[in-house]
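Student: I would like a close look at a single part of this model, the surroundings of the ligand, and then a word on the enclosed spaces elsewhere in the protein.

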Amino acid sequence: MGTVDEAWQESLFTNGHFHRPSAGGTIPVRDKASAEIFAVAGLATEADVELAVAAARTAQPAWSERTYAERAAVLRGAAAALADRAKQFRDLIIRETGCIGGKADYEIGAAASELVEAAGLASRATGEVLPSGHAGRFSLSERVPVGLVGAITPWNFPLVLGMRVIAPALALGNAVLLKPSPETPVSGGLAIAALFEDAGLPAGLFQVLPGDVEVGQRLVTHPDIAMIHFTGSTKVGRQIAQTAGGLLKKVSLELGGNNALIILDDADLDQAAMIGAWSSFHYQGQTCITAGRHIVQRGIADAYAAALAARADAISVGNTFTEDVGLGPMINSVQLERAAGMLAEAVSEGAAVIAGGTTDGPYFRPTVVREISRSSRLWTDEIFAPVAPILVVEDDDEAVAVANDTEYGLVNSVLTGDTYRGIRLARRLRAGMVHVNDATPQDEALAPFGGIGQSGLGGRSGGDSNIEEFTERRWLTVTEGPAHYPY
Ligand code: NAD
């Protein structure tokens, strides 16, 4: 098995087949370090979306009527196929996203967990027998699939962010039409289709439509697609919510963050610096759960800044496919230049760079910044690069006030030697997720992952939250004996 199966080249995946798009457009897939084009995906057109929707409409009712055991077997089969193809996925993810092998391994393990948990979910979409105010009435609330789910995903964790939608949605009897990011159409789309092909999923239930804005917009506006699950930037999420709102379409939005890591003066210094470095630098800071703000109590601030800068300086940066390094290339030059511009702006406003601060081709050195202004874009916006800005606060109250002073609300962490102090403080933080004594990047297949404010809308990903996401409730009554009405 090579890095890219021949069938995927210049292809989409609809109605159970890899095939060329109707108008023959393509998307070059680059190795993010070398810029070599190592694969070519097909570019879906509106006509391809129509064909995929028609196939999904045909296939979905019969799928929802399959037994839960049959649906679960397909999901377990996809997990087995992923294990068989693990090396292929590892190489793909490293090259398509520019990450280290450890991050690719994490994605493969997390995607396998999503499949296995979803297999269990197939039997857990239970309803209720309700008390009824009508004598002789049998009243039920049952779970029914949403129908056709459109999934739009980003490039940073293409396998797992796709799988956390695809697996539970299929388990619960839906069909899924996936539009991966044009940066990662293979590990985020075509390779996933191969897993379900290997597992024997019937045609039409999972389809991959690589493309960019136009394909995404068509999924959002298509009248037969009942729900959009979007993971990506707050800006695009807002546009999707506006369009979907006009159409009264169900949406679930997993968006950006500007997450705080709070370091209290009783925290262990070495642990704090290690957690701080991981929270801001892993995968070049390109995750929604990266720490973009380090809020540090004065008593530990100087020592923490120095320890974090030393860790940043010790990280090697380079081609993650060919070298043993800690960080790889940025996803593209637009992201790199945006972050470098935000850093330069902060410096012009008085911020001091105490580690990194330089770029070289696609590489951005891990960077630590002090004396940051609270109004600087580097502090108020999602950076999406390996930059750790540090702000000093006096006490717990100020730490909470500064952390909550953001329109986002995805995840925060608190580091302290006093666990109860950490819990008290954590419960005052306005975010969908809070961790005490650990890094901001955390995700588990069973945990309710998601944000509030500008970080998300809709439900949560993970565990039984997925039942709320990917089913509707139906009230069903059966009345015994003749009913009586006035006319
Ligand atoms: P993006 O918003 O630019 O794109 C995401 C997806 O939407 C891509 O597939 C893109 O092609 C598509 N798209 C773009 N414009 C569209 C439109 N008008 N209509 C429909 N689809 C459209 O995001 P990105 O740069 O790929 O990813 C980075 C962003 O994703 C960051 O903001 C990050 O915080 C966020 N993210 C959030 C989570 C989460 O779970 N909360 C996870 C990962 C990434």
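Which atom of the ligand lies 2.9 Å from a polar side-chain atom of K179? Please start from that contact and describe the rest of the site around it.

Tutor: The partner of K179 is an oxygen atom of the ligand, which lies 2.9 Å from a polar side-chain atom of that lysine in this predicted model. Taken alone, the ligand exposes 860 Å², and the protein buries 91% of that area. Two further contacts can be set beside the one from K179: a polar side-chain atom of R164 lies 2.7 Å from an oxygen atom of the ligand, whereas T153 takes part through its backbone, with a polar backbone atom that is 2.7 Å from a ligand oxygen.

Both R164 and T153 also appear among the residues that come nearest to the ligand, together with S233, L255 and E382, out of the 29 residues around the ligand. By composition, this shell divides into 14 nonpolar, 10 polar and 5 charged residues. As for the secondary structure behind the shell, at least two residues each are supplied by the helices α5 (158-171), α7 (213-221) and α8 (234-247), and by the strand β10 (227-231). The ligand itself sits in the largest pocket.

Turning from the pocket to the enclosed spaces, a search of the whole structure finds 4 cavities of 30 Å³ or more. The largest cavity holds about 90 Å³ of space. It is lined by 15 residues, of which T290, G292, E382, I383 and F384 are the closest to its centre. E382 thus belongs to two descriptions, being listed with the residues that come nearest to the ligand and with those closest to the centre of the largest cavity. The lining of the largest cavity divides into 6 nonpolar, 7 polar and 2 charged residues.

In the second largest cavity there is about 60 Å³ of space, and its lining is made up of E114, E117, A118, L121, R124, P168, A445, L446, G463 and N466. Helix α4 (residues 101-121) gives the most to this lining, with 4 residues. The lining of the second largest cavity divides into 5 nonpolar, 2 polar and 3 charged residues. One of its lining residues, P168, falls within the range of α5 (158-171), a helix that also supplies at least two residues of the shell around the ligand.

Note on methods
Residues numbered from 1 in each chain as written. Predicted model: local features only at pLDDT ≥ 70, side-chain atom pairs only at ≥ 80, totals over all residues. Heavy atoms only, no water. Near = heavy atom within 4 Å. Polar contact = N/O pair within 3.5 Å; in protein donor to acceptor, adjacent residues only side chain to side chain. Areas by Shrake-Rupley, 256 points an atom, 1.4 Å probe, with all protein chains shown as cover. 1 Å grid on protein atoms, 1.4 Å probe; cavity = no way out; pocket = protein on both sides within 12 Å on 5 of 7 lines; lining within 4 Å. Sits in = over half its atoms within 2 Å of the grid points. Nonpolar A, V, L, I, M, F, W, Y, C, P; charged D, E, K, R; others polar. Points joined across faces, edges and corners; volume = space filled by probe spheres on them.
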